[in-house]
Amino acid sequence: MVEFGGIKGSSCPKCNWSDVFAIDACPRCQSPVKEARFSGQGKIVTFTLIRYPPKGFEKEAPYVIAMIDLENGPRVIGRIVEESENLQIGQTVSFLTISNGALEFKVNQ
Ligand SMILES: [Zn+2]
């Protein structure tokens, strides 16, 4: 999924559904989907600071989970690294990598 500084995924030419995972048929209309390439740039829609993490993530807390609208792609859930105190809705972020199945972003300076 990680390449070219952006995120690879799937999009449906029929109903415009898209997401950041590879899939054969659209979950909304069951049409065949196309491979899509989304920008690594996005904007924070909302976020939360996880202080009491689920089992297995204890060492990583506190960490931020955010809902992000990709510039030319779907709304995704990801982690914001290197920042937990001064985040604001509307801040722009850049995709970094996928770690343990989670999309990781950093705040643009
Ligand atoms: Zn569709």
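This report describes strand pairing, selected exposed residues and backbone geometry in a predicted model.

**Pairing around strand β5**

Strand β5 covers residues 41-50 and is joined to two other strands. With strand β6, which covers residues 63-70, β5 runs antiparallel, and eight bridges link the two. Within this pairing, Ile-50 of β5 faces Tyr-63, which belongs to β6. With strand β8, made up of residues 92-99, β5 is again antiparallel, and here three bridges are found. Lys-43 has Thr-92 of β8 as its opposite residue. In a regular strand, side chains point alternately to one face of the sheet and to the other.

**The connection from β5 to β6**

The loop between β5 and β6 contains Pro-62. The peptide bond that leads from Ala-61 into Pro-62 is cis, and its omega angle is near -5 degrees.

**Lys-34 and its surroundings**

Lys-34 belongs to strand β4, which comprises residues 34-38. Is Lys-34 buried or exposed? Lys-34 is classed as exposed because 12 other C-beta atoms lie within 10 Å, and the exposed class takes in counts of 12 or fewer. Once neighbours within four places in sequence are set aside, Lys-34 is in contact with Ser-10, Ser-11 and Pro-13. As for Cys-15, its C-alpha atom is 12 Å from that of Lys-34, and the two residues are 19 positions apart in sequence.

**Loop residues with positive phi**

Gln-30 lies in the loop that connects β3 (18-19) with β4. The phi angle of Gln-30 is near 65 degrees, which is positive although the residue is not glycine. Gln-30 is exposed, because 11 other C-beta atoms are found within 10 Å.

Asn-100 is placed in the loop between β8 and β9 (102-107). Asn-100 is also not a glycine, and its phi is positive at about 55 degrees. Since 9 C-beta neighbours fall inside 10 Å, Asn-100 counts as exposed.

The values for these two residues are set out below.

| Residue | Phi | Other C-beta atoms within 10 Å |
|---|---|---|
| Gln-30 | near 65 degrees | 11 atoms |
| Asn-100 | about 55 degrees | 9 atoms |

**Summary**

Strand β5 pairs in antiparallel fashion with β6 through eight bridges and with β8 through three. The loop between β5 and β6 holds Pro-62, which follows a cis peptide bond from Ala-61. Lys-34 in β4 is exposed, and its contacts include Ser-10.

Technical notes
Residues are numbered from 1 along each chain as its sequence is written. This is a predicted model: local features need pLDDT of at least 70, side-chain atom pairs count only at pLDDT 80 or more; totals for chains, interfaces and linings use all residues. Two strands pair if DSSP finds at least two bridges between them. Helices (H or I, at least four residues) and strands (E, at least two) are DSSP runs, numbered from the N terminus. A residue is buried if 20 or more other C-beta atoms lie within 10 Å of its own, exposed if 12 or fewer, and partly exposed in between; C-beta atoms are placed from the backbone. Two residues are in contact if their C-beta atoms, placed from the backbone, lie within 7 Å.
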